[in-house]
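Trainee: Before we discuss this model, I would like to see how each term is tied to its definition. Could we look at it together?

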Amino acid sequence: MALEIRYICGPLHDTITWGCAVCFLPELIKRYYGSTHVYSRVYQPCVRYMEYMKTKERKGGLIEHGLGDWGYDIAFGNHQANIETAVYYHCLRNVVIMAKELGFTEDAILYEAWAARIYDVYNSHLLVSDKTEYPYAFYTSLDNPGTHGRTMVNQAIAPQFGLMPVGGAYRTWTLRPPLLSELNFVEGEVGCPYGLIRACFDLRQTEEGTEVRVPTSTVCTLQLPSNRSLTAIHSSGSQEVKKMNGPEVILMPVVYNYVIWP
């Protein structure tokens, strides 16, 4: 959305969830097509856009105006701080990616520090971790001052945009594949306050491999047998297969297929 566009007014003025396209699209082009040719053309517009949005910060770094969860409602009291600030943070992270690719080392350092500041402010205002109201930490909104809402939107945004502190925000759990089991195939599931945890171990390592479902607002630690262990992990919604060494791999909320070589 172009800045100062005249027919967008009030809380929708300068909506970053539209304007973010200038920072989002270059990273998506690289992710899906492997091309960085647009970086040099859009980098300065991205920098100017971030400088402009900085003037819209509130409470030290939150963006509190915009669409919010517009599919449910729009403009007022609708997770603006959660959603718009997360998009702002992701824009900054993408500027870092472009700066590094273009060799702008000082810029990369600047925007990494800027993104880190937004990360801290986001969790300072929106993460409730003292466990006095509920026996777990959770994300709230600023929609109703003095109250701590716990909608699924609140819980989903932080992990989706990489804003959730590992081990500090929500329940964590550990997955230990039964590699030494006598059984060739083991599966099971268990409910938790945040959704369904499901694990399926195919020790025959067929084409389907093994699967684990990590619910929203939880973090799974996949324990491997040793430091020399290797795992190949594929997450749903991505074509990339990541190979990582043990003894532990942190899995954020999504469904994974993986193969382990002890």
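Mentor: Let us begin with residue classes: Ala, Val, Leu, Ile, Met, Phe, Trp, Tyr, Cys and Pro count as nonpolar, Asp, Glu, Lys and Arg as charged, and the others, Gly among them, as polar. This is a predicted model, in which local features need pLDDT of at least 70 and side-chain atom pairs count only at pLDDT 80 or more, while totals for chains, interfaces and linings use all residues. Residues are numbered from 1 along each chain as its sequence is written, and side-chain values use heavy atoms, with hydrogens and water left out.

Trainee: What makes the largest pocket a pocket, and what is its volume?

Mentor: On a 1 Å grid over the protein atoms alone, a pocket is an open set of points with protein on both sides within 12 Å along at least five of seven lines. Its volume, the space filled by probe spheres set on the points, is about 1,300 Å³.

Trainee: Which residues of the lining are closest to its centre?

Mentor: Lining residues have an atom within 4 Å of a point; of the 35 that line this pocket, Arg31, Gln160, Ser235, Ser238 and Lys242 are the closest to the centre. By the classes above, the lining divides into 20 nonpolar, 11 polar and four charged residues.

Trainee: How many residues does α2 give to that lining?

Mentor: Five, the most of any contributor; α2 spans 21-33, and helices are DSSP runs of H or I with at least four residues.

Trainee: What share of the chain counts as buried?

Mentor: Buried means under 20% relative accessible area with a 1.4 Å probe, protein chains only, and 41% of the 262 residues count as such.

Key. Buried means under 20% relative accessible area, exposed over 50%, partly exposed in between (1.4 Å probe, protein chains only). On a 1 Å grid over the protein atoms alone, a cavity is a set of points where a 1.4 Å probe fits but cannot get out, and a pocket is an open set with protein on both sides within 12 Å along at least five of seven lines; lining residues have an atom within 4 Å of a point. Helices (H or I, at least four residues) and strands (E, at least two) are DSSP runs, numbered from the N terminus.
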